[in-house]
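This report describes one protein chain, beginning with a single residue and widening to the whole. Please look at the structure below before reading on.

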Amino acid sequence: MVEQAESYTEVPEPASIISQVINEIFLNPLNLILLTICGFLIYKIFFAKERTPSPTPKSKEVELPPLKKRDMTLEELKNYNGMDSDGRICVAVNGKIFDVTKGKRFYGPGGPYYAFAGRDASRGLATFSVEAANDEYDDLSDLNTMQMESVREWEMQFKEKYHYVGRLLRSGEEPTDYSDDEETSQDQSLKDGEKSDKEHPEEKNKEE
């Protein structure tokens, strides 16, 4: 009687499996390169992000208070070209001066209309030329009707958008004293406040 040997499959031990995997990785150059790349990517995802410094918040630019009302000559106006320590910018249009500091990205250094900073921009706006600015008082008498209409339209736009400072003075012209106007305006505001309290005493009592 022939004895039949019972066939069986040998099950490898866990330690043997680990050893085979390690040998496969480290003895095969291609696998070693892939393992290095995977390790680098894991480091970038989980560790490099923690070391990245958070962006420094931009400091909020301080807004300048409105310029005190005053008339200026062309020489005085030149001081407000955005190059001073406070960066104040004024522009004259049709004999009126406006504080355009809040529009410094247009009229400040490096802006498209910086040629108008501290200058009379009337002729430039009328002729669509940024370079057309005079160093002497310009009465605009040689401009045609259409050009003068354009100047007046620009003046209205500046009035709506920017703070009115005062008049651009001719040579020898005396400036206006605006101190009385400011005091009168303050007194009128106080009177209006007192009048409002008298007309609506119940609202004041509610606040108290």
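In this predicted model, Y162 has a relative accessibility of 9%. Because the cut-off for buried is under 20% relative accessible area, Y162 counts as buried.

**Aromatic rings**

A pair of aromatic rings is described by the distance of the centres and the angle of the planes. The protein has eight aromatic pairs. Two of them involve Y107 and are listed here.

| Pair | Centre to centre | Angle between planes | Kind |
|---|---|---|---|
| Y107 and Y113 | 6.0 Å | 35° | tilted |
| Y107 and Y162 | 6.2 Å | 85° | edge-to-face |

The pair of Y107 and Y162 links distant parts of the chain, with their positions 55 residues apart in sequence. Y107 belongs to helix α4 (residues 104–107), while Y162 sits in the loop between α6 and β3. Y107 is buried, at a relative accessible area of 8%. Y113, in contrast, is partly exposed, at 37%. These three tyrosines belong to one aromatic cluster, which also takes in F98, F116, W154, F158 and Y164.

**Strands**

Strand β1 (residues 90–93) pairs with strand β2 (residues 96–99) in the antiparallel sense, over four bridges. In this pairing V91 stands opposite F98 of β2, and F98 is also a member of the aromatic cluster. Two residues lie between the strands of this hairpin, and N94 takes a positive phi near 55° there. On β2 there is a further antiparallel pairing, with strand β3 (residues 163–167), again over four bridges. Here K96 stands opposite R167 in β3.

**A residue in helix α6**

M148 is part of helix α6, which covers residues 145–161. Is M148 buried or exposed? M148 is buried, since its relative accessible area is 18% and the limit is 20%. Leaving aside residues up to four places away in sequence, M148 touches N94, L140 and L143. N94 is the hairpin residue with the positive phi. M148 and R123 are 25 residues apart in sequence, and their C-alpha atoms are 9.1 Å apart in space.

**The whole chain**

The protein contains eight helices and three strands. Along the sequence they follow the pattern α-α-α-β-β-α-α-α-β-α-α. Of its 208 residues, 25% count as buried. Among contacts between residues at least 6 apart in sequence, 58% join residues at least 24 apart. The protein exposes about 16,200 Å², and carbon and sulfur atoms supply 54% of this area.

Technical notes:
Residues numbered from 1 in each chain as written. Predicted model: local features only at pLDDT ≥ 70, side-chain atom pairs only at ≥ 80, totals over all residues. Heavy atoms only, no water. Pairing = 2+ DSSP bridges. Buried < 20%, exposed > 50% of the residue type's maximum accessible area, 1.4 Å probe, protein only. Contact = heavy atoms within 4.5 Å. Areas by Shrake-Rupley, 256 points an atom, 1.4 Å probe, with all protein chains shown as cover. Phe/Tyr/Trp six-rings, centres within 6.5 Å; stacked < 30°, edge-to-face > 60°.
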